[in-house]
Amino acid sequence: MTNKQQLLHALSCGRDRYQSGEELARTLGISRAAVWKAIERLRDEGHLIEGKSRVGYRLISLSPLFDHGRLSRELAGWDVQLFDTIDSTNRYAKALSSERAVVIALSQSAGRGRLGRSFYSPRGGLYLSLRLPISFPIGEAMLLTSMASVAVHRALLETTGKECAIKWVNDLYLGEKKVCGILTEGVVGMESGQLSSVVVGIGINLFSALDEELRERATSLYESEEEAIGDLDANLLVIRIVEYLTALIERLPDRGYLSYYRTYSLLTDRDVVVHQGREHFEARVVEIDDEAHLVVADREGEIHTLSSAEVTIRLAR
Ligand code: BTN
């Protein structure tokens with residue numbers, strides 16, 4: 001990690017108190033001048049760092065939606081980190097040394113999406129990454145994204161009362177518009193060269209202001225921050241997502257959760273266009289199978305079993 005990232009980590013862990021430049025320099029093993037330089041760079045990126053002369057520095061969050069103390073208490077055993085803004089919570093979570101981490105940001109400057117795309121992450125979203133050790137057979141890692149879809153769906157239903165649909169494999173829709181995207185990435189251990197952890201990244205539009213073009217295909221759960229604050233316990237939403245996802249992972253190889261997935265699947269019996277690289281074909285969705293693959297029948301009746309890699313599905317109009 002760079003000085004800047006280490007400093008952010010140290011400030012984030014001790015956000016309930018001031019840490020002097022000297023203390024930070026000692027913790028990080030760098031000079032006070034390097035601490036000061038890194039603080040300036042973090043401020044340039046939008047982090048709110050309060051500095052009190054002769055006392056020290058403290059990271060502050062302006063959002064009344066999240067409470068770091070409550071999250072840390074209720075998610076015991078997890079390294080909870082909360083940022084106003086960051087480049088990407090997935091990138092940050094992948095670089096951490098903690099085994100289990102919950103990284104939350106209110107905006108991202110370089111959000112990552114599926115298939116190498118970027119993910120537009122303005123203020124008004126919940127950008128959340130969960131870092132988990134691989135405690136299950138590697139073959140089942142492919143199921144994580146579908147498990148995360150179910151966990152987020154349940155948590156949203158419970159905390160907002162809003163019923164989304166799950167669009168295979170990793171999106172949640174409100175009506176016919178995307179409200180949440182999920183990206184699962186593997187972390188390869190430096191020494192072992194083996195997949196050691198996974199990072200499940202979840203982006204939810206809580207009250208994001210979307211431009212006209214985006215509003216054609218995406219939406220937010222709430223009209224405004226005030227509405228979100230009045231209706232949503234955002235801390236509980238995060239807590240439930242973590243709890244539901246870890247419970248599903250613990251239950252593997254049980255795939256009972258797929259019946260929940262199927263119940264809320266947007267695509268079942270729908271006509272779709274399947275995009276694979278430069279190719280595409282029209283098809284009708286038959287089912288989600290027990291490996292969370294999408295089974296479709298093309299115009300000639302030929303059956304295709306699709307795994308998520310490199311496949312994009314659009315609803316046929
Ligand atoms: C997609 O729809 O293509 C997946 C989007 C995943 C976005 C989330 S936001 C939190 C986490 N951090 C990232 O950089 N990406 C994921």
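Which residue stands opposite Leu128 in strand 5? Select Leu128 and look across to the neighbouring strand, where Ile104 is the residue that stands opposite.

Before going further, keep in mind that this is a predicted model, in which local features need pLDDT of at least 70 and side-chain atom pairs count only at pLDDT 80 or more, while totals for chains, interfaces and linings use all residues. Residues are numbered from 1 along each chain as its sequence is written, and side-chain values use heavy atoms, with hydrogens and water left out.

**The sheet**

Now select the seven strands of the open sheet, which has mixed pairing and the order 3-4-5-9-8-7-6; strands (E, at least two residues) and helices (H or I, at least four) are DSSP runs, numbered from the N terminus. Strand 3 (79-86) and strand 6 stand at the edges, and because each has a single partner strand, one side of each is left without a neighbour in the sheet. Two strands count as paired if DSSP finds at least two bridges between them. On average, neighbouring strands of this sheet are turned by 20 degrees against each other, with direction ignored.

**Strand 5 and its partners**

Select strand 5 (residues 125-133), where nine of the nine residues are buried, a word that here means under 20% relative accessible area, with exposed being over 50% and partly exposed in between (1.4 Å probe, protein chains only). In a regular strand the side chains alternate between the two faces of the sheet. In strand 5 both faces are covered, with Gly125, Tyr127, Ser129, Arg131 and Pro133 buried on one side and Leu126, Leu128, Leu130 and Leu132 buried on the other.

Strand 4 (residues 101-108) runs antiparallel to strand 5 and is joined to it by five bridges, whereas nine bridges join strand 5 to strand 9 (residues 195-205), again antiparallel. To find one of these links, select Gly125, whose bridge partner in strand 9 is Asn205. Moving on to strand 8 (residues 177-188), you will find that it pairs with strand 9 in the antiparallel sense over nine bridges, and that Gly181 has Gly203 as its bridge partner in strand 9.

**Helices on the sheet**

Next, show helix 6, which packs on the sheet and touches strand 6, strand 7 (171-174), strand 8 and strand 9, its direction making about 135 degrees with that of strand 8. Helix 9 also packs on the sheet, where it touches strand 4, strand 5 and strand 9, and its direction makes about 30 degrees with that of strand 5. Axes are lines fitted to C-alpha atoms, for helices over the stretch in contact, and angles run from 0 to 180 degrees between N-to-C directions.

With both helices selected, you can see helix 6 (residues 144-160) and helix 9 (residues 234-251) packing at an angle of about 140 degrees, with their axes 8 Å apart. Among the residues that meet in this contact (heavy atoms within 4.5 Å) are Leu144 and Met147 in helix 6, and Leu236 and Tyr244 in helix 9.

**An edge residue**

Finally, select Ala165, which is found in strand 6 (residues 165-167). At 14% relative accessibility, Ala165 counts as buried. Leaving aside neighbours within four places in sequence, Ala165 is in contact with His153, Asp171, Leu172, Tyr173, Tyr264 and Leu266. Gly175 is ten residues from Ala165 in sequence, and the two are 7.6 Å apart in space, C-alpha to C-alpha.
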